[in-house]
Amino acid sequence: MGDTNVNLAELIGSRICHDLISPIGAITNGLELLEMVGGTQGPEMELITGSVGSAGARIRFFRVAFGAASDQPLGRSEVADLLRDVNRAGRVRVHWNVTEAMPRNQIKLAFLAIMCCESAMPMGGEVKIDSVGDKWTVTGTADRMNVDPDLWKGLPTGTFANKVTPAQVQFALLPQTAAAQGRRVSAETGATRVVLRF
């Protein structure tokens, strides 16, 4: 996948997320109005509200991970708020240890790396993101890991022995997107930990 394909993938990601975020926002507003006028309460309403909140958080996350990115900075609080919303619905807890605003294109790499870590932790775990200077480290830890050796071995080169499935697209995009920024991805795997650096 060359730079042109990466740019096309980013444009498609941006378009899909843009088109989906508006109706999800409208549903959220509708649910808030129902609550204000004393609409239906109970487990059904809680399920709908939670599901819509989760969908909205994931779409915002995907917009950064898969959408077009520039070197425009994103503030720490904006990223932390987004990840807090994502954490509510998932089994993986993400800790953003980056204290400063960072360029959106670098945060995009971090989000793709988070998704790689999540894929290795089907029973849940923790992901910590650190940045020193322009070097990033994304560390995933869990009691039990399910690491696909082909995917993790192929991360530095972006070349994989088997065809990448839709659920694994982050593994293909991360090295290509990093290369477009003049970066290289390294990966380490262990029984209870995975580490990505770029």
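**Figure 1. Surroundings of Asp85 in the predicted model.** Leaving aside residues up to four places away in sequence, Asp85 touches Ala57 and Arg60. Asp85 belongs to helix H3 (residues 76–89). Its relative accessibility is 17%, so Asp85 counts as buried, the limit for that class being under 20%.

**Figure 2. Salt bridge between Asp85 and Arg60.** The two side chains meet at 3.0 Å, N to O. Because Asp85 lies in helix H3 and Arg60 in helix H2 (residues 43–66), the pair ties together parts that are 25 residues apart in sequence. Arg60 is partly exposed, at 32% relative accessibility.

**Figure 3. Salt bridges within helix H3.** Arg88 forms a salt bridge with Asp85, with 2.8 Å between the closest N and O atoms. Both residues lie in helix H3, 3 residues apart, about one turn of the helix. Arg88 counts as exposed, with 61% relative accessibility. Salt bridges with shared partners join Arg60, Asp81, Arg84, Asp85 and Arg88 into one network. Within helix H3, Arg84 forms a salt bridge with Asp81, the closest N and O atoms being 2.8 Å apart. Arg84 and Asp81 are both partly exposed, at 42% and 34% relative accessibility, respectively.

**Figure 4. Pairing of strand S4 with strands S2 and S5.** Strand S4 (residues 125–132) pairs with strand S2 (residues 92–96) in the parallel sense over 5 bridges; Val92 has Gly125 of S4 as its bridge partner. With strand S5 (residues 135–141), S4 pairs in the antiparallel sense over 7 bridges, and Thr137 of S5 is the bridge partner of Asp130. S4 and S5 form a hairpin with 2 residues between them, and Gly133 in the turn has a positive phi of about 65 degrees.

Notes: Residues are numbered from 1 along each chain as its sequence is written. This is a predicted model: local features need pLDDT of at least 70, side-chain atom pairs count only at pLDDT 80 or more; totals for chains, interfaces and linings use all residues. Side-chain values use heavy atoms; hydrogens and water are left out. Helices (H or I, at least four residues) and strands (E, at least two) are DSSP runs, numbered from the N terminus. Buried means under 20% relative accessible area, exposed over 50%, partly exposed in between (1.4 Å probe, protein chains only). Contact means heavy atoms within 4.5 Å. Two strands pair if DSSP finds at least two bridges between them. A salt bridge is a side-chain nitrogen of Lys or Arg within 4 Å of a carboxyl oxygen of Asp or Glu.
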